[in-house]
Protein chains: 2
Amino acid sequence: MTATLGTSTSIGTSASAGGTGLGTDACDVRELLERCRDAVTPALRAAVDRLDDASRAQAAYHLGWTELDGSPGRGGGKAVRPALARLSAAAVGAPASEAVPAAVAVELVHNFSLLHDDLMDGDTERRHRPTVWSRWGASSAILCGDALLALASEVLLESGSAHAPAATRMLAATTRELIRGQVEDLAFETRDDVGVAECLSMAAGKTGSLLAAAASIGAVLAGGPEAARSGLSTYGMEVGMAFQLVDDLLGIWGDPGITGKPVRADLRSRKKTLPITYAVTRGGAAGRELAAWLAADGEPDEDGLLRAAALVEAGGGRDWARAEADRRMDRAERALDGAGLDPRTHAELVALGRYLADRQY
Amino acid sequence: MTATLGTSTSIGTSASAGGTGLGTDACDVRELLERCRDAVTPALRAAVDRLDDASRAQAAYHLGWTELDGSPGRGGGKAVRPALARLSAAAVGAPASEAVPAAVAVELVHNFSLLHDDLMDGDTERRHRPTVWSRWGASSAILCGDALLALASEVLLESGSAHAPAATRMLAATTRELIRGQVEDLAFETRDDVGVAECLSMAAGKTGSLLAAAASIGAVLAGGPEAARSGLSTYGMEVGMAFQLVDDLLGIWGDPGITGKPVRADLRSRKKTLPITYAVTRGGAAGRELAAWLAADGEPDEDGLLRAAALVEAGGGRDWARAEADRRMDRAERALDGAGLDPRTHAELVALGRYLADRQY
């Protein structure tokens, strides 16, 4: 499947397809991410090296630097957040190197939340490898996560920047938002009356808040102007929301070969994602049938899954999620337009945002 | 039982029994703790009020402000750490009110660690009330603890003090120490070769480090001189170690009516506490018999418990722990002597330290 996100406003992988018209394509974005990861990894490793032996080994495994047998790892995630942090410093004219502590700190907070969420969600695998809790036990995942969270503050405050306290404070408030999102996500599991607004607010906490922090923390640490910090933060939040909406679409209609998850994974687990919540609450008869299907017990069969996916679509959930993701991307790009950023970095941010919100499904 | 700690240097509940000779007795200490708690609680409540609804309710219950049915609580712990934080500001001549954010932050970090430790240790009760994880589930205890840790940084950095970044950085490094201590404590459960030095290092992480931070953070936030900050930190560390040694003695010989724990609780759980580790590793034949008893499976009977307690004593564990606690208290008080502190506060710190390290057993 090659369809790009959106039915009306097509968000292509090439920035030249619209918006700023500055040419940065998906290939450049992958290069950009790789370059950023290479620049940040030594400082991230130095930070993790300060942990106690057990937490250090678990963090190194979790981050993809080692395998379970201690051999070198095959690398971790795309390090999107460190890249955003570096770009946000460059966007206000600061050398990218100045943003390294900010990039390390957001990556530490992100991985703190992954370690704890994997445990709470009972996920035994992440990126096709056993999760820390499933390998070393719940206590290790709790402590390793705690250690990464504390380390994030240390790294930022040691940066020597006069703006490190502001950056640390913002990251702590963001952590509170992450936690609110996860609290609500867990609470939704046992509720059958979750509305679209609540669901969007949960996603803003769980996904949007850390991308907003990542996309602005480099500018904060560099003491960039308020208009730039605020524009970058809005950009990060809206890209995060678009990313989540696309992720939810992929959770129903994604190609397992591309997503790495079973087909219709979110329906299989009867998860109340955004398109599903939309269809249930605003989808009329189809929504009511979908609600009854979600409330049923037992393992859903393949026919049931197909029917449920059709009900999400009939209830308007698919179209709404696509359109909402488009609206979010528009808002993200408009926020950058008014922020007075360095033009080259501006174009890179647009390209990175589109890359993130444009996974095939 | 009314014996005070120590066989040679008796540490009485009255400071006039030795040391500085400044009169502050146990009754005054209880008043001091109450006064400090009353001064800090409004700010602590205001901080907790920022959390999401679920975490706020759990934190309020955990802190003793509410009961499970939502009715007003009967109050929480003694708030020793906030009291130390306030005294450490007063010790360098700062108004106690300036230390409030520091007092709130150490109390938040302390309770973050209690929430997570209760879950990891499987403790279903704290102060005769169900623990947060046993009432609301593991995820709630993880998230509520995470939220309190993030909140601690926020509160400190919002204080407006020019020294808030230094205080926050110290508290983050302390959190890393707390985690190291808990990691080691959990690892010791499955090891039978733990030495006294390792056990002391674990206690320094788990108990000493946060008392060291509490006893110096007010001075750090107030920008007090290095000699004072360092003396106060050493005092807190050594009082913490003495406290832990006494706690371990109470875990074997404490009166259940006073400790609130079953008689010989630590032997019952075959916990490798300091006096036990000393006897096992340095107690000759008695130590070897004790090691064999500790390695056995099954529920120990009452005769076995009595025999084990006698072996700890015969192996020198009881005398060593008493003498070590005395040495630690001496070091604590000597550290204050050289720190150039406000005399009245100095006397209060001495009295508070003795009160903490002098629980009857």
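**Reading a predicted two-chain model**

Guide: Ala351(A) sits in helix 16 (residues 343-356) of chain A. This is a predicted model, in which local features need pLDDT of at least 70 and side-chain atom pairs count only at pLDDT 80 or more, while totals for chains, interfaces and linings use all residues. Residues are numbered from 1 along each chain as its sequence is written, and chains are lettered from A and ligands numbered from 1 in the order in which they are written.

Visitor: How is a helix delimited here, and why does Ala351(A) count as buried?

Guide: Helices (H or I, at least four residues) and strands (E, at least two) are DSSP runs, numbered from the N terminus. A residue is buried if 20 or more other C-beta atoms, placed from the backbone, lie within 10 Å of its own, exposed if 12 or fewer, and partly exposed in between. Ala351(A) is buried because 24 C-beta neighbours fall inside 10 Å.

Visitor: How many residues of helix 3 of chain B are buried?

Guide: Helix 3 of chain B (residues 80-90) is mostly covered, with 11 of its 11 residues buried. Among them are Arg81(B), Pro82(B) and Arg86(B).

Visitor: What relates chain A to chain B?

Guide: Copies are superposed by least squares on the C-alpha atoms of residues with pLDDT of at least 70 in both. A turn of 180° with a shift of 0.0 Å along the axis lays chain A on chain B with an RMSD of 0.0 Å. That is the relation of a two-fold axis. In chain A, the C-alpha nearest the axis belongs to Pro165(A), at 3.0 Å.

Visitor: Which elements of chain A touch chain B?

Guide: Two residues are in contact if their C-beta atoms, placed from the backbone, lie within 7 Å. By that rule 32 residues of chain A are in contact with 32 residues of chain B. Helix 2 (53-62), helix 4 (100-121), helix 6 (138-157) and helix 7 (164-188) of chain A each give two or more residues to that side. Helix 7 of chain A gives the most, with 14 residues.

Visitor: How much confidence does the predictor place in chain A?

Guide: pLDDT is the predictor's confidence in each residue, from 0 to 100. Chain A has a mean pLDDT of 91, and 92% of its residues reach 70 or more. Over residues 1-23 of chain A the pLDDT is below 50, and this stretch has 51 contacts in the model beyond near neighbours in sequence. The model scores ipTM 0.91 and pTM 0.92.
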